Amino acid sequence: MTPAPWTVDPALINPRAVRLVEAFKDALARMRDEHGLTFDDLHTVAELLQQLRDATAVPLSLCAMPLFSEVFQGGGDGYTISEDVDSPTYLPDSPLIDNPGRLPMRPDEPGVPLIASGRVLDGHGRPLAGAEMVIYHASNDGIYSGIWDDGQPKDNLRGRQLTDAEGRYAFTTITPVPYSNAPSEAVESVVTAAAAVGRSLYRPAHIHYEIHHPDLIKPYRGEVYFAGDPVIPVDFVGPRIAAPSLRADTVRHEDPEAIAEHGFAGPFNTAVFDFVLKTRTSPETAIQ
């Protein structure tokens with residue numbers, strides 16, 4: 001007997017999907033009852049996200065990150081907080097640089113030089129030698145190379161580096177600065193929505209890292225920020241994304257001898273940050 005066209009095949013039902021849909025509905029009902037959520041509110045958000053996607057060409061799920069980004073951060077328990085998602089500004093196959101090394105940059109790259117360094121460790125505090133670090137950040141005008149055509153070479157301020165036997169990394173670049181996204185700024189509803197929840201259209205200065213190593217449970221993906229950045233509390237993506245444990249202290253160096261020793265034309269900054277990542281043999285809580 002041919003089943004009716006509206007018949008659902010039990011074999012196709014996904015129990016997890018059913019649970020998630022019901023939990024989502026329950027959460028919406030609580031927001032309706034406790035905070036006055038309306039259908040018009042949901043429609044406004046959906047329309048805003050569509051406009052943001054059209055303006056930026058970023059996938060819709062990533063456009064929605066300001067709504068939920070902190071929820072899906074990984075790490076914790078002494079491990080470096082991760083994002084567990086590729087940034088829309090990521091590009092594969094960046095060039096391998098020496099250790100210590102220098103990110104590819106233009107001869108007249110604008111910005112204050114920065115020497116970033118640190119170690120990659122497991123949960124026991126042991127070095128992860130030979131870890132591949134993918135490193136990239138925006139230029140001094142807030143533009144990522146290879147994403148928007150602003151005249152930068154494709155791999156500008158992008159590189160890969162392997163940690164040494166002690167898990168150390170070190171590279172020279174320019175000090176990142178806070179930036180806004182011009183296409184987002186052009187969407188009036190985005191500007192209004194950001195202001196309504198007490199956020200700016202800027203992101204704090206940061207460097208993106210991906211870290212790969214055979215012993216890791218999964219690759220690390222995340223951003224390192226800079227202590228004292230005034231944009232952090234009003235970050236467009238959320239004020240808790242740049243957790244205190246993700247903020248590197250920056251030291252400015254103005255001594256002429258130090259400047260000359262490093263071959264810079266003027267003052268420079270240094271920033272040290274250690275990554276603590278969970279391997280297959282790491283404890284649940286990292287040993288500090």
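Which element gives the largest share of the lining of the second largest pocket? That share comes from α5, with three residues. The model is predicted. This briefing covers its two largest pockets and its aromatic pairs.

**Largest pocket**

- The largest pocket has a volume of about 1100 Å³.
- Its lining is made up of 27 residues, and those closest to the pocket centre are Val45, Ala64, Pro66, Leu67 and Phe68.
- Four helices each supply at least two lining residues: α1 (15-35), α2 (39-56), α4 (65-68) and α6 (188-196).
- Helix α2 gives the largest share of this lining, eight residues.
- By residue class, the lining of the largest pocket holds 23 nonpolar, two polar and two charged residues.

**Second largest pocket**

- The volume of the second largest pocket is about 660 Å³.
- Its lining counts 34 residues, with Pro88, Thr89, Tyr179, Asn181 and Arg203 closest to the centre.
- Helices α2, α3 (60-63), α4 and α5 (182-185) each give two or more residues to this lining. Strands β8 (179-180) and β11 (220-226) do so too.
- The largest share, from α5, is three residues.
- The lining of the second largest pocket divides into 20 nonpolar, nine polar and five charged residues.

**Elements found at both pockets**

- Helix α2 supplies at least two residues to the lining of the largest pocket, and two or more to that of the second largest.
- Helix α4 likewise gives at least two residues to the largest pocket and two or more to the second largest.

**Aromatic pairs**

- The structure holds twelve aromatic pairs.
- One of them joins Tyr169 and Phe171, whose rings are stacked. Their centres lie 6.3 Å apart, with 25 degrees between the planes.
- Tyr169 and Phe171 are both buried.
- Phe273 and Phe275 form an edge-to-face pair, because their planes stand at 75 degrees, with the ring centres 5.0 Å apart. The cut-off for edge-to-face is over 60 degrees.
- Phe273 has 8% relative accessibility, so this residue counts as buried.
- Phe275 is buried as well, with a relative accessible area of 0%.

**Aromatic cluster**

- Which residues do ring pairs link into a cluster? The members are Tyr169, Phe171, Tyr209, Tyr220, Phe273 and Phe275.
- The cluster therefore includes both residues of the stacked pair, Tyr169 and Phe171, and both residues of the edge-to-face pair, Phe273 and Phe275.

Definitions and conventions:
Residues are numbered from 1 along each chain as its sequence is written. This is a predicted model: local features need pLDDT of at least 70, side-chain atom pairs count only at pLDDT 80 or more; totals for chains, interfaces and linings use all residues. Side-chain values use heavy atoms; hydrogens and water are left out. Rings of Phe, Tyr and Trp (its six-membered ring) pair if their centres lie within 6.5 Å; planes under 30 degrees apart count as stacked, over 60 as edge-to-face and the rest as tilted. Buried means under 20% relative accessible area, exposed over 50%, partly exposed in between (1.4 Å probe, protein chains only). On a 1 Å grid over the protein atoms alone, a cavity is a set of points where a 1.4 Å probe fits but cannot get out, and a pocket is an open set with protein on both sides within 12 Å along at least five of seven lines; lining residues have an atom within 4 Å of a point. Grid points are joined across faces, edges and corners, and a volume is the space filled by probe spheres set on the points. Ala, Val, Leu, Ile, Met, Phe, Trp, Tyr, Cys and Pro count as nonpolar, Asp, Glu, Lys and Arg as charged, and the others, Gly among them, as polar.
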